[in-house]
Amino acid sequence: MAGTVEKAILDLGITLPTPAAPMANYVAFVRTGNLVTVSGQLCFGTDGKLAAKGQLGAGVSIEDGQAAARASAINLLAQLKAAVGDLDNVTRVVRLGGFINSAPGFTDGPKVMNGASDLMVEVFGELGRHARSTVGVSALPADAAVEVEGMFEVV
Amino acid sequence: MAGTVEKAILDLGITLPTPAAPMANYVAFVRTGNLVTVSGQLCFGTDGKLAAKGQLGAGVSIEDGQAAARASAINLLAQLKAAVGDLDNVTRVVRLGGFINSAPGFTDGPKVMNGASDLMVEVFGELGRHARSTVGVSALPADAAVEVEGMFEVV
Amino acid sequence: MAGTVEKAILDLGITLPTPAAPMANYVAFVRTGNLVTVSGQLCFGTDGKLAAKGQLGAGVSIEDGQAAARASAINLLAQLKAAVGDLDNVTRVVRLGGFINSAPGFTDGPKVMNGASDLMVEVFGELGRHARSTVGVSALPADAAVEVEGMFEVV
């Protein structure tokens, strides 16, 4: 039986993917005390394809970038659920770090990153409001357009 | 009545700006336990203009970059004051993350970032010494030259 | 007398360097509660030279990048030892942040970063498995190929 938060996710028409297992000597999340740190998540969709590939400001549109940020955020939620069992155990989204694959001079990183931030508030309500840093990076794994990492407070 | 730390800020001739309210689904800071995480702050001055715009290594001088890092740090302090009321409640500057808008090959990020680090020690003394990471990024929101994020320990 | 972890380091043939003292108003690590945050470490070897210089995807090979990531991780361990005395006091590697100096389009950041992740597991075993974010940045201090920052849980 899904809790309140997971019902909100279903109501948004989102099915959380099976969280990807890292294929190396790291893990998708670590809990220490009441904090869960989730590894940077690329913008893979549930179909296994990147929601957007390449650089903002060099071919990828802001709309596609926003969809990519949302995809990264969905993957964060999937990992977070694996960490805490029921997402109702999350008491606050503390921080999102948004890395936008960007050509020099691209200035709309925050618009792109809103794709991730909006999802957190749609899902968690006021508890979903988070501190965030958005920066443009020169390259990302798999040439993903967006990578988002997260820190969460949990019971 | 300002506390010791805020008196130090006044003595430096700095007036903390009204902290900028994010215009999206995120917030300027989140407190969890004794830690306050402050969102990445761009180098806007109190006049509402960027202290420096564009890339280091491609037009922006190190001196202007340092002034930009200092402006970002002032904005961090303004948000931190909003978080804790009196800056004397800050017990340690834990970490600054410095993102320097950089052309490939620019190697002087640390000199630029000292503009932020120096301010923390001028304001907080020994408690202002922090861990930090300085990296060159390909793009920043609003084409700002510098963005700085922070984590602080508070009572 | 070295503890279990430091014996593992010796068995790997690694001598921890004297940790570099920052030459500015920041410090190599800060402890708050049970968490130690270590400043971003460049890929300097014990000979004082960078293990790799320049950008991945523009001259630096993946193998050299991996060696650079390992060198950064060794420097993290040296700072961590300075923070906690005996590395057996480390109860978990919480997070590594990997910044790979990258030309646009370079997609193999994770392979490079494995140089750091693998070392953590070689040294700490299961406790060495960590959350991580790997991103490509446009520039790094001293034109280092890799910078790695870390967060550790300690007793």
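**Note on helix 3 of chain A and on B:Ser39**

1. Directly after helix 3 of chain A comes A:Gly125, a residue whose phi is positive, near 65°. The model discussed here is a predicted one, and the points below should be read with that in mind.

2. Helix 3 of chain A runs over residues 109-124, and its 16 residues reach 23 Å from the first C-alpha to the last, which is close to the 22 Å expected at 1.5 Å a residue. Within this helix there is a bend of about 35°, located at A:Gly115.

3. As for its surroundings, helix 3 of chain A is mostly covered, with twelve of its 16 residues buried. Among these buried residues are A:Gly115, where the helix bends, as well as A:Gly109, A:Met113, A:Leu119, A:Met120 and A:Phe124. What covers the buried residues includes helix 1 (4-11) and helix 2 (62-84) of chain A, together with strand 3 (90-101), strand 4 (131-137) and strand 5 (146-154) of that chain.

4. Turning to chain B, B:Ser39 lies in strand 2, which spans residues 35-42. B:Ser39 counts as buried because its relative accessible area is 3%, where the cut-off for buried is under 20%.

5. The side chain of B:Ser39 reaches the backbone oxygen of B:Val27 at 2.7 Å. When neighbours within four places in sequence are left aside, B:Ser39 is in contact with residues of chain B, including B:Tyr26, B:Val27, B:Ala28 and B:Leu76, and also with A:His130, A:Ala131, A:Arg132 and A:Ser133 of chain A.

How values were computed
Residues are numbered from 1 along each chain as its sequence is written. Chains are lettered from A and ligands numbered from 1 in the order in which they are written. This is a predicted model: local features need pLDDT of at least 70, side-chain atom pairs count only at pLDDT 80 or more; totals for chains, interfaces and linings use all residues. Side-chain values use heavy atoms; hydrogens and water are left out. Helices (H or I, at least four residues) and strands (E, at least two) are DSSP runs, numbered from the N terminus. Buried means under 20% relative accessible area, exposed over 50%, partly exposed in between (1.4 Å probe, protein chains only). A polar contact is a pair of N or O atoms within 3.5 Å; within protein, one must be able to donate a hydrogen and the other to accept it, and residues adjacent in sequence count only if both atoms are side-chain atoms. Contact means heavy atoms within 4.5 Å. The expected span of a helix is 1.5 Å times one less than its number of residues. The bend at a residue is the angle between axes fitted to the seven residues ending there and the seven starting there.
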